[in-house]
Amino acid sequence: MFQDKDNINKLSSQYETVIQTYYPRGAILDKNGINFSDNSSFENLKLNIQNNINFTIGKTFIGNIQINDDTTTNKAVNGVSGLQLYYDKQLNGGEAIKILSQIDATGQTINQNNYLAVNDHINEGYNINTTIDYHVQKYTESYVKEYLTKNNLKGASVVITDITTGEIITMYSSDETLNKNVLSYQPGSVFKILTLALALENNVVDLDEEFNCSGKINIDGVTRYCNEGEGHGDLTVLEGFAKSCNEVFYTLATRLNIKDKNGNITSNKIIDYAKELGFGSVHDKTNKNKNFILEYNDYYSFVPDNIYNNLDTFNIALGQGNVQATPLMMNTIMSAIANGGKTNYPYIVESVTSQNGEIKETKENKIFDMKLSDNTMKTLQKALRMVCTKGTAKNNSLDNYGGLAGKTGTAENTKETPHAWFSGYFPYNNPKYSMTVFIENGGYGSGAALEIFDNIANTLLNMED
């Protein structure tokens, strides 16, 4: 019987079986070399194997993979989103490896110290070294998930960037299939940053000028309202920014309208400026200004090509109507303001290295320039600080760390609850980070968005201490 090869093979197949398949793949690491992957699938095996396909932290940017159990070729694993898709070829570690063990009639492993690896080979995948801080990412994910559940909120995104380098420290989205940080939404009053910048740059407003807000704005027979029902009364432009007064900013936008020789509105300077910064056209079909590797081709920040009446002017002033922005775009603008007008475009991958540490690819710095004068930049910084000391974001607790500067946003969303934004930088007296929090159907930006921002900022600065 034992001389019969067929019998031997049948006997072997009864007590030797595949108990695990190992898919060689490069690692995705945080800025300090911490591996985002875990070895949970190998916990039942006494094997020292780094499994780079299981992720519980960082899936927003890491993305998902697809495993084909029916093949042992190098096509067994494919990245389908995030960094896994973008770097799929580099991460691919070669053919799958089958791990066999001897089992008894009940399927239990007979000898846990004796395994057979079929098709064993060295991992050929490159490692992706990101800019993410593992600990900040882990805290952000845990805290925001709990907050959303506790407050019955639909979804959220958080992005934190180093204002000088452009490194993304944290990128979280409650939707792991689509990264909300690079989806576009109406920005609401966060967009007033650009309205104020253009008004200052074009000298159409004096800082001492006083406006009067009654709470109601009559625009060609249509009534629009300020966020303060009874009106803000008399206030300066910086006070109007701090309190997010719609009437003040509609007035500023009318002064930036472009008209033909007959006095008809044909466009607005805010539109042209937004496009200089990288906003696309509402009519674009693809993202022509893609500067971040995880941006989607069909989602992008955009503004209208033209406006033709005062209602359009009202919408462009307040970031409504045919105006949308990604949280990443607004965060980049905030970083540039904090950094004096220029910053690096945000990036998430520092380098790509082989398994022996040889560098195969490094980042390329691209400059994001607000193209504004020093005086305008200083006034914007002052205005953003006023929001957080006397305005809609005064309920923050960052004074112990040097203060906060930023802008709340409440974006209309058809008949649903408005989206909530808060975008800012900190510490104000020594800027290091910018952060943008977006809460889907989160209500007012001075509520949930500011609370989440405040908690994460305090935690990050406390971690540094």
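1. A cavity here is a set of grid points where a 1.4 Å probe fits but cannot get out. With that in mind, please remember that you are looking at a predicted model. In this model the largest cavity holds about 210 Å³ of space. Its lining is made up of 20 residues, and those closest to the centre are Gly-278, Asn-289, Asn-291, Glu-295 and Met-329.

2. Which helix gives the most to the lining of the largest cavity? Helix 11, spanning residues 327-338, does so with three residues. By class, the lining of the largest cavity has eight nonpolar, nine polar and three charged residues.

3. The structure has two cavities of 30 Å³ or more. The second largest has a volume of about 40 Å³. Among the residues lining the second largest cavity are Tyr-23, Pro-24, Asn-74, Lys-75 and Gly-93. Four residues of this lining are nonpolar, five are polar and one is charged.

4. Now to the pockets. The largest pocket contains about 540 Å³ of space. It is lined by 25 residues, and Asn-227, Asn-246, Gln-320, Thr-410 and Tyr-444 are the closest to its centre. Two or more lining residues come from each of strand 12 (222-225), helix 10 (310-318), strand 22 (405-413) and helix 13 (445-464). Strand 22 has the largest share, with five residues.

5. If you are curious about the chemistry of that lining, 16 residues of the largest pocket are polar, six are nonpolar and three are charged.

6. The second largest pocket has about 330 Å³ of space. Of its 19 lining residues, Ile-293, Tyr-347, Val-349, Lys-363 and Glu-364 lie nearest the centre. Strand 19 (349-353) and strand 20 (359-362) are the elements that give two or more residues to this lining. Strand 19 gives the most, with three. The lining of the second largest pocket divides into nine nonpolar, five polar and five charged residues.

7. One sheet is also worth a look. Three strands form an open sheet in the order 1-5-6, and their pairing is antiparallel. Strand 1 (16-22) and strand 6 (115-118) are at the edges with a single partner strand each, so one side of each has no neighbour in the sheet. On average, neighbouring strands of this sheet are turned by 30° against each other, direction ignored.

8. How many bridges join strand 5 to strand 6? Strand 5 (residues 97-102) is joined to strand 6 by four bridges, and the two run antiparallel. To find the pairing on screen, look for Ile-99, which stands opposite Ala-117 in strand 6.

Note on methods:
Residues numbered from 1 in each chain as written. Predicted model: local features only at pLDDT ≥ 70, side-chain atom pairs only at ≥ 80, totals over all residues. Heavy atoms only, no water. 1 Å grid on protein atoms, 1.4 Å probe; cavity = no way out; pocket = protein on both sides within 12 Å on 5 of 7 lines; lining within 4 Å. Points joined across faces, edges and corners; volume = space filled by probe spheres on them. Nonpolar A, V, L, I, M, F, W, Y, C, P; charged D, E, K, R; others polar. Pairing = 2+ DSSP bridges. Axes fitted to C-alpha atoms, helices over the stretch in contact; angles between N-to-C directions.
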